[in-house]
Amino acid sequence: MPNSALPPHLRRPHNDWPFPFSKIPRGLTAWDWGRPKKILGNQEVSGTAWKFMKPIGPAGTWQFSYFPAAPWWAKPFAFYLAISFKPRADGWFRHVRIGARYDDVDDYTQWPSIAARRFPAVGDRNTEA
């Protein structure tokens, strides 16, 4: 997907990746594979008109999903495994993911996507990374 097809705030390199990968244009890792469909997991689907999985689920949930609209050459890579562990005593939980992450805000898929981050169990979460 060319950078010009992305929203203006995403037309920049991956500042969320470590150097030297942070120099990779986001357009090289952005795809239009449609919305993912859940295969396994306890995470509930969300959305109003379109039902889909949130990329980062609530604490204590997990999902394994795939992208049925991905092109034939991408089928081996068109999956997403995400685990949001139960919150710890300090109120934070760890989220781990690998695969193709669907961005439900900007409506595109990022592949590859590998992350392990901490989030507060309650309150606002920054989900850009």
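A visitor and a guide talk through how the labels on this predicted model are earned.

Visitor: What makes up the fold of the protein chain, in helices and strands?

Guide: The protein chain has six strands and zero helices. Going along the sequence, that reads β-β-β-β-β-β.

Visitor: How are the six strands ordered in the sheet, and which pairing do they use?

Guide: It's an open sheet, ordered β1-β6-β5-β4-β3-β2, and the pairing is antiparallel.

Visitor: Why are β1 and β2 called edge strands?

Guide: Because each of them, β1 (30-31) and β2 (37-41), pairs on one side only.

Visitor: What makes β2 and β3 a pair?

Guide: Bridges. A pair needs at least two bridges found by DSSP, and β2 has four with β3 (residues 61-66), in the antiparallel sense. So β2 and β3 count as paired. As for who meets whom, G41 has Q63 of β3 as its bridge partner, and L40 stands opposite F64.

Visitor: And how do you know that β3 pairs with β4?

Guide: By the same kind of reasoning. Six bridges join β3 to β4 (residues 79-84), running antiparallel, and the cut-off is at least two, so that's a pair too. Here Q63 has A82 in β4 as its bridge partner.

Visitor: Which side chains of β3 are buried, and which are not?

Guide: They alternate along the strand. T61, Q63 and S65 point to one face and are buried; W62, F64 and Y66 point to the other and are not.

Visitor: Why is Y66 called partly exposed?

Guide: Y66, which sits in β3, has a relative accessible area of 36%. Buried would be under 20% and exposed over 50%, so Y66 falls in between and is partly exposed.

Visitor: What makes up the nonpolar patch on the surface?

Guide: I39, L40, W62 and Y66, with about 380 Å² of accessible area together. Both β2 and β3 supply at least two residues each. Y66 shows how the accessibility test works: a patch residue needs over 30% relative accessible area, and Y66 has 36%, so Y66 clears that cut-off.

Visitor: How much of the whole chain is buried?

Guide: Buried residues are 35% of the 129 residues. On the outside, the protein chain exposes about 7700 Å², with carbon and sulfur atoms supplying 63% of that.

Visitor: What share of the contacts with a separation of 6 or more comes from residues 24 or more positions apart?

Guide: That share is 46% in the protein chain.

How values were computed
Residues are numbered from 1 along each chain as its sequence is written. This is a predicted model: local features need pLDDT of at least 70, side-chain atom pairs count only at pLDDT 80 or more; totals for chains, interfaces and linings use all residues. Side-chain values use heavy atoms; hydrogens and water are left out. Buried means under 20% relative accessible area, exposed over 50%, partly exposed in between (1.4 Å probe, protein chains only). Patches are made of residues with over 30% relative accessible area and no salt bridge: like charges are joined within 9 Å, nonpolar side chains (Val, Leu, Ile, Met, Phe, Trp, Tyr) within 5 Å. Accessible areas come from the Shrake-Rupley method with a 1.4 Å probe; for residues, only the protein chains shown count as cover. A salt bridge is a side-chain nitrogen of Lys or Arg within 4 Å of a carboxyl oxygen of Asp or Glu. Contact means heavy atoms within 4.5 Å.
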